[in-house]
Amino acid sequence: MVSEPNQEVAWVTIATPLTPAQLFVFACDVERLFRLNPYLQIHLWEADANGLIEGSQIKIKYLNEMNGITRELVMTVSGFKSGVGYTLNYSEGLKRATEVCIEAKNENSADLLIKDHYHTVGENLPASEQEAQLAEVDRSLSPWGVAIRQHLLHLQRWGWLPLYRTVREWFWLNMPPRSRRISRLLIWITALEFFAFLFVFLIYWIEYRR
């Protein structure tokens, strides 16, 4: 994290295959963006019916598996600027806000910047209270960035398949992160078993043809 006056800042920059306009549309689906965090288990998500506009609010209850903290709070949108980004301000906790920005590289590509702002840990507090505050730091920011990039690359590569986007963004992202990890492991194990079966079958077929 990097210090700024009265706050600490941590950020991740994500290279994407999208144009600035496409990336802004993607980033404005805040629920999808947060559900892509592989360590954030969302129990409740209630957004204003008016959508993502200045002053709109989102009520969220979640478990952060990286630090074990469960919170129920309200995020309020500020600094919304079409094509550029917005800020989500938290009603409680050490994390003060999350800033989402579109950084255009050229007309055909853009980076997504996610910046977490924290209140400065009180230096005059007892050591135990300082440690308790530092435990609230969200260490899932980097894995979140990796997950967002992988998601976009997968959509670019496989999005033409029927129902792929629906399955990935509706069914898959609504699963708890732990269930996703277990399912991914089972898929890989099943794939390896299938290829092992093909290998054994191929050896048998070669020997049979001799």
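Here are some notes on the predicted model above, taken point by point.

1. Let me start with the interior. The largest nonpolar core holds 37 residues, and F34, M75, L112 and I148 are those with the most contacts inside it. This fits a general pattern: in soluble globular proteins, nonpolar side chains tend to be buried together.

2. I148 is a good residue to click on. Leaving aside neighbours within four places in sequence, I148 is in contact with I14, F26, L33, L36, L112 and I114. One of these partners, L112, is itself among the residues with the most contacts in the core.

3. I148 belongs to the buried set of helix α4, together with L141, W144, G145, A147, H151, L152 and L155. These residues cover an arc of only 165° around the axis, which puts them on the same side of α4. The helix spans residues 141–158, 18 residues in total, and reaches 26 Å from its first C-alpha to its last, close to the 26 Å expected at 1.5 Å a residue.

4. Helix α5 (residues 164–172) is worth viewing end-on too. Its buried residues are R168, E169 and W172. Down the axis of α5 they fall within an arc of 115°, so they line one face of the helix.

5. Between α4 and α5 there is a loop, and L163 is found in it. The phi of L163 is positive, about 70°, although L163 is not a glycine. L163 is also exposed, with a relative accessible area of 62%. If you check backbone angles, please have a look at this residue.

6. Now to the charges. Side chains of opposite charge can pair when their charged atoms come close. The count for this model comes to nine salt bridges, and the next points pick out some of them.

7. R71 and E136 form a salt bridge, with their closest N and O atoms 2.9 Å apart. This pair links distant parts of the chain, since R71 sits in strand β5 and E136 in the loop between α3 (127–134) and α4, 65 residues apart. R71 is buried, at a relative accessible area of 18%.

8. A second bridge joins E72 and K59, at 3.5 Å from N to O. It too links distant parts of the chain: E72 is in strand β5 (residues 69–81) and K59 in strand β4 (residues 57–64), 13 residues apart. Both partners are partly exposed, E72 with a relative accessible area of 40% and K59 with 34%.

9. D29 and R32 also meet in a salt bridge, at 3.8 Å from N to O. How exposed is each partner? D29 is partly exposed, with a relative accessible area of 34%, whereas R32 counts as buried at 14%. Salt bridges that share partners join D29 and R32 with R165 and E169 into one network. E169 is one of the buried residues of α5 mentioned above.

10. Finally, a charged residue without a partner. D111 lies in strand β8 (residues 109–119). D111 is buried yet has no salt bridge; K105, the nearest side chain of opposite charge, is 4.1 Å away. The cut-off is 4 Å from nitrogen to carboxyl oxygen, so the pair is not counted. What does D111 touch, not counting residues up to four places away in sequence? The contacts are T13, I14, A15, T16, L23, C101, I102, E103 and K105. I14 turns up again among the contacts of I148.

Definitions and conventions:
Residues numbered from 1 in each chain as written. Predicted model: local features only at pLDDT ≥ 70, side-chain atom pairs only at ≥ 80, totals over all residues. Heavy atoms only, no water. Helix = DSSP H or I, 4+ residues; strand = E, 2+ residues; numbered from the N terminus. Buried < 20%, exposed > 50% of the residue type's maximum accessible area, 1.4 Å probe, protein only. Lys, Arg positive; Asp, Glu negative; His and termini not counted. Contact = heavy atoms within 4.5 Å. Expected span 1.5 Å × (residues − 1). Arc of directions from axis to C-beta. Core = buried A, V, L, I, M, F, W, Y, C linked by side-chain atoms within 4.5 Å.
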